[in-house]
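Reader: Hello! I am in my first year and still learning how to read a protein model. Please take me through this one slowly.

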Amino acid sequence: LSARVNALERSPGKLDERTAAASTDAFMRKMQVLAIARGMINSLRFVRAPADYYDRDLEYRRKILGAPTVDHLCKTMVIANGSCTQPDCRDRLNSRYYLLV
């Protein structure tokens, strides 16, 4: 998956929506499997945001995410460490993925 994403990022032009969605879905599935394996399934939820999500007001975003209030909103991204020499996330200083909040 990482190799495909890296190749797509280097390719000229814009990704078509279907290709981008397929890459995102595969990545989300992988993250869900890792979360379940680590017992985190009750503390996280993946939500696909609409394309105009960041153009909308905070109340709209709150509803989309099911947050109790807009004060509960924060931006979180999973970053793949392309320089990682480990196949997993066991080494915190050289992890395959990092969660940025």
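Among contacts in the protein between residues at least 6 apart in sequence, what percentage join residues at least 24 apart? After that, I would love a close look at one part, the loop between strand 1 and strand 2, where Asn94 is found.

Author: Happy to help! This is a predicted model, in which local features need pLDDT of at least 70 and side-chain atom pairs count only at pLDDT 80 or more, while totals for chains, interfaces and linings use all residues. Residues are numbered from 1 along each chain as its sequence is written, and side-chain values use heavy atoms, with hydrogens and water left out.

The answer to your question is 22%: that part of the contacts between residues at least 6 apart in sequence joins residues at least 24 apart. A contact here means heavy atoms within 4.5 Å.

Now for some orientation before we reach the loop. The protein has three helices and two strands, and from the N terminus on they come in the order α-α-α-β-β. Both kinds of element are DSSP runs numbered from the N terminus, with at least four residues of H or I for a helix and at least two of E for a strand. Of the 101 residues, 15% count as buried. Buried means under 20% relative accessible area, exposed means over 50%, and partly exposed lies in between (1.4 Å probe, protein chains only). The protein exposes about 8000 Å², and carbon and sulfur atoms supply 55% of that area. Such areas come from the Shrake-Rupley method with a 1.4 Å probe, and for residues only the protein chains shown count as cover.

Let's go to your loop. Asn94 sits in the loop between strand 1 and strand 2, and Asn94 counts as buried because its relative accessibility is 17%. The side chain of Asn94 makes a polar contact of 2.7 Å with the side chain of Thr85. (A polar contact is a pair of N or O atoms within 3.5 Å; within protein, one must be able to donate a hydrogen and the other to accept it, and residues adjacent in sequence count only if both atoms are side-chain atoms.) Leaving aside residues up to four places away in sequence, Asn94 touches Asn81, Ser83, Cys84, Thr85 and Gln86.

Ser95 is in the loop between strand 1 and strand 2 too. Ser95 counts as buried because its relative accessible area is 3%. Again not counting residues up to four places away in sequence, Ser95 touches Asn81, Cys84, Asp88 and Cys89.

Cys84 is among the residues touched by Asn94 and among those touched by Ser95. With a relative accessible area of 9%, Cys84 is buried, whereas Cys74 is exposed at 54%. You may wonder about bonds between cysteines. A disulfide is a covalent bond between the sulfur atoms of two cysteines. A search of the whole structure finds zero disulfides, taking a disulfide as a pair of cysteine sulfur atoms within 2.5 Å.

The two strands on either side of the loop share a surface feature. Met77, Ile79, Tyr98 and Leu100 form a nonpolar patch there, with about 310 Å² of accessible area together. Strand 1 (77–80) and strand 2 (97–100) each supply at least two residues of this patch. Patches are made of residues with over 30% relative accessible area and no salt bridge; like charges are joined within 9 Å, and nonpolar side chains (Val, Leu, Ile, Met, Phe, Trp, Tyr) within 5 Å. Met77 lies in strand 1 and counts as partly exposed because its relative accessibility is 38%.

For contrast, turn to helix 3, which covers residues 58–65 and in which Tyr60, Arg61 and Arg62 are buried. At its start, a side-chain oxygen of Asp57 reaches to within 3.1 Å of the backbone nitrogen of Glu59. Glu59 also forms a salt bridge with Arg62, with the closest N and O atoms 2.8 Å apart. Glu59 and Arg62 are separated by about one helical turn because they are three residues apart in helix 3. After helix 3 comes Gly66, with a positive phi near 75°.

The whole structure has two salt bridges, where a salt bridge is a side-chain nitrogen of Lys or Arg within 4 Å of a carboxyl oxygen of Asp or Glu. One of them joins Asp52 and Arg56, with 3.2 Å between the closest N and O atoms. Asp52 is partly exposed at 29%, and Arg56 is partly exposed at 35%.
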